[in-house]
Amino acid sequence: MTYADPNATVRRENFAGEAGGGATTEYCKFRVFQKSLLKKAHAVVTTAGTAAGHKLDVYHGTSSIGTIALSTSTAGVSATSATLNEELAALDQISVKTGSDQTGKAHVIYEYQTRHDAVQTL
């Protein structure tokens, strides 16, 4: 694949669902079927948190790779992780875990790119 190919520059997104409602609980599992690069994780608050502990920790498998701080942000507020640039092998899992807040909820969107060395299914 060359850099002129749209797959070299296009960012893909996956709406993974809503996270929250339980403290330190895993939500929004996501897998890709080919090698990819996870660029960032985004969140949009749907229910305001009641504590500074309202956050989403981004996980690659069992390893924490980033955080999205939400605190007591109101519904509609968006927040983003730092740039992650996390290499994902085929079928690796990404997810988020909530912080100590048991009230806050947010929609989670993963932003990623397909890698040039991804194998195409025939």
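Visitor: Hi! How many salt bridges does the count come to here?

Guide: Four salt bridges, counting a side-chain nitrogen of Lys or Arg within 4 Å of a carboxyl oxygen of Asp or Glu. This is a predicted model, where local features need pLDDT of at least 70 and side-chain atom pairs count only at pLDDT 80 or more, while totals for chains, interfaces and linings use all residues. Residues are numbered from 1 along each chain as its sequence is written, and side-chain values use heavy atoms, leaving out hydrogens and water.

Visitor: Why can side chains of opposite charge pair at all?

Guide: They can do so when their charged atoms come close.

Visitor: OK, which residue does Glu 26 form a salt bridge with?

Guide: Its partner is Lys 29, and the closest N and O atoms are 3.9 Å apart. Glu 26 is partly exposed at 30% relative accessibility, and Lys 29 is exposed at 53%. The cut-offs, for a 1.4 Å probe and protein chains only, are under 20% relative accessible area for buried, over 50% for exposed, and partly exposed in between.

Visitor: And Asp 57, buried or exposed?

Guide: Asp 57 is buried, with a relative accessible area of 12%. Asp 57 forms a salt bridge with Lys 55, where the closest N and O atoms are 3.5 Å apart. Lys 55 is partly exposed, at 30%.

Visitor: What about Glu 87, which residue does that one pair with?

Guide: Arg 115, with 3.1 Å between the closest N and O atoms. That pair links distant parts of the chain, 28 residues apart: Glu 87 sits in strand β7 (residues 86–88) and Arg 115 in the segment after β9 (105–114). Strands here are DSSP runs of E with at least two residues, numbered from the N terminus. Glu 87 is partly exposed at 44% relative accessible area, and Arg 115 is partly exposed at 25%.

Visitor: Switching to the sheet: in what order do the four strands come?

Guide: The order is β2-β8-β4-β5, in an open sheet with antiparallel pairing. Two strands pair if DSSP finds at least two bridges between them.

Visitor: Which strands stand at the edges?

Guide: Those are β2 (26–31) and β5 (63–69). Each has a single partner strand, so one side of each is left without a neighbour in the sheet.

Visitor: How many bridges join β4 to β5?

Guide: Six bridges join them, and the two strands run antiparallel, with β4 covering residues 55–60.

Visitor: Then what is the bridge partner of Lys 55 in β5?

Guide: Ala 69 is the bridge partner of Lys 55 there. Lys 55 is also the residue in the salt bridge with Asp 57.
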